[in-house]
Each structure stands twice: as structure tokens, then as C-alpha cells.
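Student: I'd like to go through the empty spaces and the ligand site here. Can you take me through how each label is earned?

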Amino acid sequence: MNKFIPISQPSITQKEIDFVNDAIRSGWVSSIGKYIDRFENDFAKFCGVKYAVAVSNGTVAIHLALVAINIKEGDEVIIPDFTFIATANAVLYTGATPVFADIDPVSLCIDPGSIKRKITNRTRAIMPVHLYGHPADMNAISRIASGHDLYVIEDAAEAHGAEINGLKVGGLGICGIFSFYGNKIITTGEGGMITTNDQALYERCRLLRDHAMDKNKRYWHSEKGFNYRMTNLQAALGCAQMERIDELIIKRKNIFDSYQKHLKNIPGLRLNRSHDYTKPVHWLVCMESDKFNESTRDLFMKKIKEQGVDSRPYFYPVSDMPMFRKADTPVAHEVYKKGINLPTYFDLTEAEIDFICNVIKNNLP
Ligand SMILES: *Cc1c(COP(=O)(O)O)cnc(C)c1O
């Protein structure tokens with residue numbers, strides 16, 4: 001086998017092609033059209049929430065949600081130090097300050113104990129991230145939030161369909177946000193969604209998404225809004241993916257189980273771990289080795305790439321980036337060097353997983 005195995009690729013079938021063709025033939029190519037409403041309805045139903053608002057990507061979904069709950073300059077939003085940069089950047093867009101909490105080494109999600117230590121009188125919201133498909137400890141986070149009168153926004157960009165105690169993510173705080181980038185659980189090319197049970201917040205997000213244009217007086221704008229709309233073409237792709245989402249999630253779980261079977265009993269090596277109150281979705285297979293440090297890990301990734309296997313490093317602690325202030329987050333700073341993500345996508349075959357795992361075993365330090 002000498003084909004290069006990428007880390008990710010979308011699953012596009014005839015259904016996706018048919019839906020997008022139908023949308024483009026209809027002439028409704030911008031942000032009005034039947035697929036937008038249908039995608040929002042399908043997604044809300046899937047998450048078990050009352051409302052969903054489709055937007056142009058996951059990053060603006062976070063920004064819009066923060067603006068809608070009136071986060072502004074001088075406010076602080078607590079986020080995990082171990083996440084994709086968009087979580088922190090969206091906080092910066094509002095003028096507020098992201099405050100970095102440490103993570104739980106098992107779930108890789110924000111540690112509720114660390115959240116408590118980061119609360120100040122400027123804290124307005126907590127934004128846990130369901131990282132790599134594992135839900136954050138929402139019960140503990142909700143208790144802390146209600147004790148301090150804080151909003152909770154779930155960054156569920158990587159966790160469509162993940163559950164805690166039988167409840168799907170996206171409806172466990174004031175709102176949830178999702179991404180439909182090409183490598184996520186489902187894709188619309190670029191795209192995002194805000195999910196909520198709060199009618200006022202829903203209406204506010206819809207208003208702000210569309211230049212804050214008055215519902216009853218066209219071209220009247222009583223505040224600063226945005227163009228954060230999703231197109232009907234993107235939503236058509238999303239509707240096709242929603243018809244297949246259960247299948248897409250099951251396949252990722254099977255891929256994870258397969259990796260687990262091939263890579264068990266290797267000293268110091270572990271794949272994604274989860275807490276029993278959760279049902280994660282396997283957005284990306286995570287592999288950690290106690291023998292990795294940043295340079296041995298990067299060398300390992302280079303070697304397996306030369307043999308046809310792509311991988312990607314764990315996220316760096318966000319607070320280490322030049323635009324943020326350094327944070328005291330020892331777990332995030334220890335974990336990030338030890339981990340990589342392995343190819344995880346619908347069309348990955350059993351034979352390819354077998355091949356990948358042999359390459360891994362032959363190159364581990
Ligand atoms: C992908 C992602 C986002 C941003 O989504 P985009 O659609 O790429 O803008 C936000 N947060 C996390 C944790 C992500 O993985």
C-alpha cells in the first residue's frame with residue numbers, strides 16, 4: 001500500500017450532490033431558500049433544542065452568541081487553555097478578555113476546579129469546549145455558573161451528537177455553537193450553527209446575523225449587526241449530511257474501536273479516554289505516548305508521514321500564543337506535547353487502519 005492516508009476527508013455521496021444541484025438549479029443561491037429552514041429545523045431536532053440559527057462558520061457562531069448575550073470590553077470569559085484558536089479569538093472580537101482555565105487530563109476538557117479559581121468580579125461567561133468529541137463536565141460547570149450568575153456557552157464545534165447522561169450537547173447551556181468545516185463530523189463546506197432553547201436569544205441571533213435589520217421596517221437598523229448568514233447551497237449540503245449523521249457518527253466509533261484493538265497493550269500508549277457519564281463522538285482519534293516530548297513527537301509524525309500516514313499534533317496551549325497573556329495551566333502544558341490525532345474519516349478502511357497501526361508500531365520511540 002503506498003497511497004497517502006490523510007488525517008481527514010469529508011463523506012460526499014450522490015445525495016449531497018443531488019441536494020446541492022437542486023439548490024443551485026432553484027436559483028436560490030444566497031441566504032434565502034428552503035434548505036436553510038430545513039437545515040435549521042433538522043439540526044435543532046437532532047440536538048433536542050427548540051431553535052437553531054445557521055451562520056457562515058463556527059467562529060462567527062461564537063462571536064454572534066457572545067454579542068447576543070452582551071459580552072463586551074471589560075468582561076472576562078473563561079475558556080479552556082487547550083482548544084482550537086477560534087474559541088479564544090471570538091472572545092477577543094468582542095473586546096472581552098479570554099481567561100484560560102486548565103484541563104482534565106482524561107477528557108482533555110476544561111477542569112471545573114480550575115474554572116472556580118479563575119472567576120473574578122469581571123467574569124460574565126464560561127465557554128467549555130467539547131474537545132475532539134468528548135463532552136465537558138457540564139453538570140459541574142452549570143453548578144458553578146448558577147452559583148456565580150454566569151452564562152454557559154458550549155463550544156460544540158467538534159462534538160455533534162455527543163451526550164452527557166443521555167442529553168445531547170448544544171442544549172446544556174444558554175446556547176451551543178457548532179462548526180461544519182470540511183473536517184468536522186458533518187460539513188457544509190464552511191458553516192456554523194447556534195442552538196438554544198431561549199426564544200429571546202434565538203431572535204436576537206437571527207436579527208444580528210442579518211445586519212440587525214428591523215423585522216417590520218426594511219432597511220432600518222437600530223444597532224450594529226453583521227452579515228453572518230449561511231447560503232442555501234451550503235444548507236443543501238448540510239441537509240444531505242443530516243440524513244446521514246447517525247451513520248457518520250457510528251462509523252467514527254467503529255474506526256476508534258478498530259484503532260483501539262490494534263494499539264492496545266503498548267506500554268505508555270493510550271487513545272481517547274472518556275468518563276462513564278458521557279457518550280463521546282469520535283471526531284478525531286487521539287493518541288498519547290508517555291515517551292513523547294515535543295521533538296520526539298514531531299520526529300515521529302515526520303517519519304510516519306514519509307511512510308504515507310498523515311497525523312496532526314494536539315493543539316498548543318492557547319495562552320502561549322503571542323496575542324494572549326501566559327496562563328498557569330500545568331496540565332494543558334504537559335498534555336499537549338504527548339499527543340497527536342490519527343486519520344479519522346468515513347471512508348477509511350479496515351485494511352488502511354491495519355496499515356496505519358503497523359506504521360505506528362514500527363516508528364514509536
Ligand atoms: C472548528 C472549530 C471552531 C471554529 O469553526 P470554523 O467553522 O472553522 O470557524 C471553533 N471551536 C473549535 C473547538 C473548533 O474545533
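**Cavities, pockets and the ligand**

Tutor: Sure. This is a predicted model, and it holds two cavities of 30 Å³ or more.

Student: Why is a space like that called a cavity and not a pocket?

Tutor: It's called a cavity because a 1.4 Å probe fits there but cannot get out, whereas a pocket is an open set of points. The largest cavity has about 140 Å³ of space. It is lined by 19 residues, and V106, L108, N272, R273 and C286 are the closest to its centre.

Student: What makes a residue such as V106 part of the lining?

Tutor: A lining residue has an atom within 4 Å of a grid point of the cavity. V106 is among the 19 residues that line the largest cavity, so V106 has an atom within that cut-off.

Student: Which strands supply at least two residues of that lining?

Tutor: β10 (269–271) and β12 (285–289) do. β12 gives the most, with three residues.

Student: How are the residues of that lining divided by class?

Tutor: The lining of the largest cavity has 11 nonpolar, five polar and three charged residues. C286 is one of the residues closest to the centre, and Cys counts as nonpolar, so C286 goes in the nonpolar class. R273 is also on that list, but Arg counts as charged, so R273 goes with the charged ones.

Student: What is the volume of the second largest cavity?

Tutor: About 100 Å³. Its lining has 15 residues, with P10, S11, K184, I185 and R252 closest to the centre. By class that lining splits into six nonpolar, seven polar and two charged.

Student: On to the ligand. Where does the ligand sit?

Tutor: In the second largest pocket.

Student: How do you know that the ligand sits in that pocket?

Tutor: The test is that more than half of a molecule's atoms lie within 2 Å of the pocket's grid points. The ligand is assigned to the second largest pocket, so more than half of the ligand's atoms pass that test.

Student: Which elements give two or more residues to the shell around the ligand?

Tutor: α3 (58–68) and α4 (85–93). There are 14 residues around the ligand, and G58, T59, E158, S179 and K184 come nearest. The shell is made up of four nonpolar, seven polar and three charged residues.

Student: What makes the T59 pair a polar contact?

Tutor: A polar side-chain atom of T59 lies 2.5 Å from an oxygen atom of the ligand. The cut-off for a pair of N or O atoms is 3.5 Å, so the T59 pair counts. G58 uses a polar backbone atom, 2.8 Å from an oxygen atom of the ligand, so the G58 pair passes too. On the nitrogen side, an N or O atom in the side chain of D155 is 2.8 Å from a nitrogen atom of the ligand.

Student: How much of the ligand does the protein bury?

Tutor: Taken alone the ligand exposes 380 Å², and the protein buries 93% of that.

Student: And how much space lies in the second largest pocket?

Tutor: About 330 Å³. Among its 22 lining residues, T59, F84, A86, S179 and K184 are the closest to the centre. α3 gives the most to this lining, with three residues.

Student: What does the largest pocket look like, by volume and by class?

Tutor: Its volume is about 600 Å³. Its lining has seven nonpolar, two polar and nine charged residues. R206, L207, R209, D210 and K215 lie nearest the centre, out of 18 lining residues. α7 (199–209) supplies at least two residues of the lining, as does α2 (34–47), and the largest share, five residues, comes from α7.

Notes. Residues numbered from 1 in each chain as written. Predicted model: local features only at pLDDT ≥ 70, side-chain atom pairs only at ≥ 80, totals over all residues. Heavy atoms only, no water. 1 Å grid on protein atoms, 1.4 Å probe; cavity = no way out; pocket = protein on both sides within 12 Å on 5 of 7 lines; lining within 4 Å. Points joined across faces, edges and corners; volume = space filled by probe spheres on them. Helix = DSSP H or I, 4+ residues; strand = E, 2+ residues; numbered from the N terminus. Near = heavy atom within 4 Å. Polar contact = N/O pair within 3.5 Å; in protein donor to acceptor, adjacent residues only side chain to side chain. Areas by Shrake-Rupley, 256 points an atom, 1.4 Å probe, with all protein chains shown as cover.
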